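Trainee: I would like a close look at one part of this protein. Please take me through its buried interior and what sits around it.

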Amino acid sequence: MQHPGSCGAFIDHAQDFSHKTTYRYRQPVSLGPHRLMLRPRESRDLRLISSDVAVTPDAVVTWAHDVFGNAVATASFQTLADNLVIDSVTELQHNATAWPSSTSPLPPFSTPSDIRR
């Protein structure tokens with residue numbers, strides 16, 4: 001797909017990402033607050049469509065942004081648990097000009113002549 005006004009190919013792609021982490025303990029433990037960084041920072045060419053985080057055992061999940069603009073969740077637990085499961089599903093939209101484009105300068109390293117443009 002060609003982006004209007006550009007010389008290079010344009011990427012317009014939606015993608016779902018799933019991540020599940022499971023911790024198992026020999027006996028019930030007290031869980032302190034957990035800092036979760038489960039989704040990428042949005043930019044002009046990367047847009048967050050949806051995000052869902054499920055935590056077991058039940059937790060109060062709060063969201064904030066750090067000084068770099070990253071979305072950071074904190075999961076706080078009230079009960080003892082013999083396992084911890086963090087399950088995240090994120091849908092992203094990526095819109096960007098493919099690199100290298102026909103207008104990109106040569107890279108700052110040597111490439112074999114058969115792959116140069």
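Mentor: Start with the outside. The accessible surface of this predicted model comes to about 8,700 Å². Carbon and sulfur atoms hold 53% of that surface. Now go inward. Of the 117 residues in the protein, 21% are buried.

Next, the framework. The protein has six strands and zero helices. From the N terminus on, the order of elements reads β-β-β-β-β-β. Among contacts with a separation of 6 or more, 75% join residues 24 or more positions apart.

Here is the core itself. The largest nonpolar core has nine residues. L31, L36 and V55 belong to it. So do A73, A75, F77 and A81, along with L84 and I86. Two strands each supply at least two residues of this core: strand 5, covering 71–77, and strand 6, covering 80–97.

Take L31 as a way in. Set aside its neighbours within four places in sequence. L31 is then in contact with Y25, P57, F77, A81 and L84. Three of these names, F77, A81 and L84, are also on the list of core residues.

Now move to L46. It is found in strand 3, which spans residues 46–56. L46 has a relative accessible area of 19%. The cut-off for buried is under 20%, so L46 counts as buried. Its contacts, not counting residues up to four places away in sequence, are P40, R41, L92, Q93 and H94. There is also a distance to check on screen. L46 and D12 are 34 residues apart along the chain. Their C-alpha atoms are separated by 9.9 Å.

Then look at T90. This residue lies in strand 6, the strand that also supplies residues to the core. T90 has a relative accessible area of 4%, so it is buried. Leave aside its neighbours within four places in sequence, and T90 touches Q15, D16 and F17. T90 is also in contact with L38 and R39, and with L48, S50 and S51.

R39 leads to the last stop. This arginine lies over the face of W63. The distance to the ring centre is 4.5 Å. What about rings paired with rings? A search of the whole structure finds zero aromatic pairs.

How values were computed:
Residues are numbered from 1 along each chain as its sequence is written. This is a predicted model: local features need pLDDT of at least 70, side-chain atom pairs count only at pLDDT 80 or more; totals for chains, interfaces and linings use all residues. Side-chain values use heavy atoms; hydrogens and water are left out. A nonpolar core is a set of buried Ala, Val, Leu, Ile, Met, Phe, Trp, Tyr and Cys residues joined through side-chain atoms within 4.5 Å. Buried means under 20% relative accessible area, exposed over 50%, partly exposed in between (1.4 Å probe, protein chains only). Helices (H or I, at least four residues) and strands (E, at least two) are DSSP runs, numbered from the N terminus. Contact means heavy atoms within 4.5 Å. Accessible areas come from the Shrake-Rupley method with a 1.4 Å probe; for residues, only the protein chains shown count as cover. Rings of Phe, Tyr and Trp (its six-membered ring) pair if their centres lie within 6.5 Å; planes under 30 degrees apart count as stacked, over 60 as edge-to-face and the rest as tilted. A charge sits over a ring if NZ of Lys or CZ of Arg is within 6 Å of the ring centre and within 35 degrees of the ring normal.
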